[in-house]
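Me: I'm new to reading protein models. Could you walk me through this one, feature by feature?

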Amino acid sequence: MQDLVIWQEGMQVVEDVYGVTARWPGSELYGLTSQARRASVSIPANIAEGVGRGSAGELARFCRIALGSTYELMTHLELAQRLKFSNPEELQPLLTALSLLMRRISRFVHVQEARR
């Protein structure tokens, strides 16, 4: 699993999200901060679980779950901008990386589904 680029990029997203959310208001620790962190962690965790299941079908299924978490995280980051927890310039590198990861996971799912 550690050789999968999507897993590596997912891990980097987690690190980036934790860095960004550390600067959000303390009052959001159990709110949006927690939700964003959980969504980010879910990305590489679901990819890893799919790898561990041992079949292309299961890998595709868990990668689809990871893809759902990327969309969830995008929503949390959009909310953070709207609520003025982060400015757009601060989040832009993370949003760009997340968009790229979304495309890569989507392609990976298609490849795994074709292997069934």
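Me: Let's start with one residue. Does Val20 count as buried or exposed?

Reply: Keep in mind that this is a predicted model. The general idea is that a residue counts as buried when its relative accessible area is under 20%. Val20 has 7% relative accessibility, so Val20 counts as buried. You'll find Val20 in helix 1.

Me: What does Val20 touch, not counting residues up to four places away in sequence?

Reply: For a contact, look for heavy atoms within 4.5 Å. By that reading, Val20 touches Ser86, Leu91 and Leu94. Take Leu94: Val20 and Leu94 are 74 residues apart along the chain, yet their C-alpha atoms are separated by 9.0 Å.

Me: Okay, let me zoom out. How many helices and strands does the chain have?

Reply: Four helices and zero strands. Walk along the sequence and the pattern reads α-α-α-α. The radius of gyration is 15 Å, close to the 13 Å that the globule rule gives for 116 residues, so the chain is as compact as a globular protein of that length. If you'd like a box to picture, the C-alpha atoms fill one of roughly 45 × 25 × 20 Å along the principal axes.

Me: How do I read burial and contacts for the whole chain?

Reply: For burial, take the share of residues that pass the cut-off: here 44% of the 116 residues count as buried. For contacts, check how far apart the partners sit in sequence. Among contacts with a separation of 6 or more, 69% come from residues 24 or more positions apart.

Me: And what about the surface and the charges?

Reply: The accessible surface comes to about 6,300 Å², and carbon and sulfur atoms hold 55% of that. As for charge, count both signs and then compare where the two sets are centred. This chain has 13 positive and 12 negative side chains, with the centres of the two sets 5 Å apart.

Me: How many aromatic pairs does the structure hold?

Reply: One. To read such a pair, check the distance between the ring centres and the angle between the planes; an angle under 30 degrees counts as stacked, over 60 as edge-to-face, and the rest as tilted. The rings of Trp24 and Phe85 have centres 6.0 Å apart and planes at 45 degrees, so this pair is tilted. Trp24 lies in the loop between helix 1 (5-21) and helix 2 (32-53), while Phe85 lies in the loop between helix 3 (56-82) and helix 4 (88-114), so the pair ties together parts that are 61 residues apart in sequence. Trp24 and Phe85 are both buried.

Me: Which residues is Thr33 in contact with, leaving aside its neighbours within four places in sequence?

Reply: Thr21, Trp24, Pro25 and Glu28. So Trp24 from the aromatic pair turns up again in this list. Thr33 itself lies in helix 2, and with 2% relative accessibility Thr33 counts as buried.

Me: Where does Lys84 lie?

Reply: In the loop between helix 3 and helix 4. Here the backbone is worth a look too: Lys84 has a positive phi of about 65 degrees although it is not a glycine. At 70% relative accessibility, Lys84 counts as exposed.

Me: What about a residue outside the helices and loops we've covered? Where is Leu4?

Reply: Leu4 sits in the segment before helix 1. Leaving aside neighbours within four places in sequence, Leu4 is in contact with Ile47, Val51 and Phe108. You can also check Leu4 against Ala48: these two are 44 residues apart along the chain, with their C-alpha atoms separated by 9.5 Å.

Me: One last residue: how does Ile65 count by accessibility?

Reply: Values between the two cut-offs, 20% and 50%, count as partly exposed. Ile65 is at 38%, so Ile65 counts as partly exposed. Ile65 is in helix 3, and its C-alpha atom is separated by 11 Å from that of Ser106, 41 residues apart along the chain.

Terms used. Residues numbered from 1 in each chain as written. Predicted model: local features only at pLDDT ≥ 70, side-chain atom pairs only at ≥ 80, totals over all residues. Heavy atoms only, no water. Helix = DSSP H or I, 4+ residues; strand = E, 2+ residues; numbered from the N terminus. Rg over C-alpha atoms; globule rule 2.2 N^0.38 Å. Buried < 20%, exposed > 50% of the residue type's maximum accessible area, 1.4 Å probe, protein only. Areas by Shrake-Rupley, 256 points an atom, 1.4 Å probe, with all protein chains shown as cover. Lys, Arg positive; Asp, Glu negative; His and termini not counted. Charge placed at Lys NZ, Arg CZ, Asp CG, Glu CD. Phe/Tyr/Trp six-rings, centres within 6.5 Å; stacked < 30°, edge-to-face > 60°.
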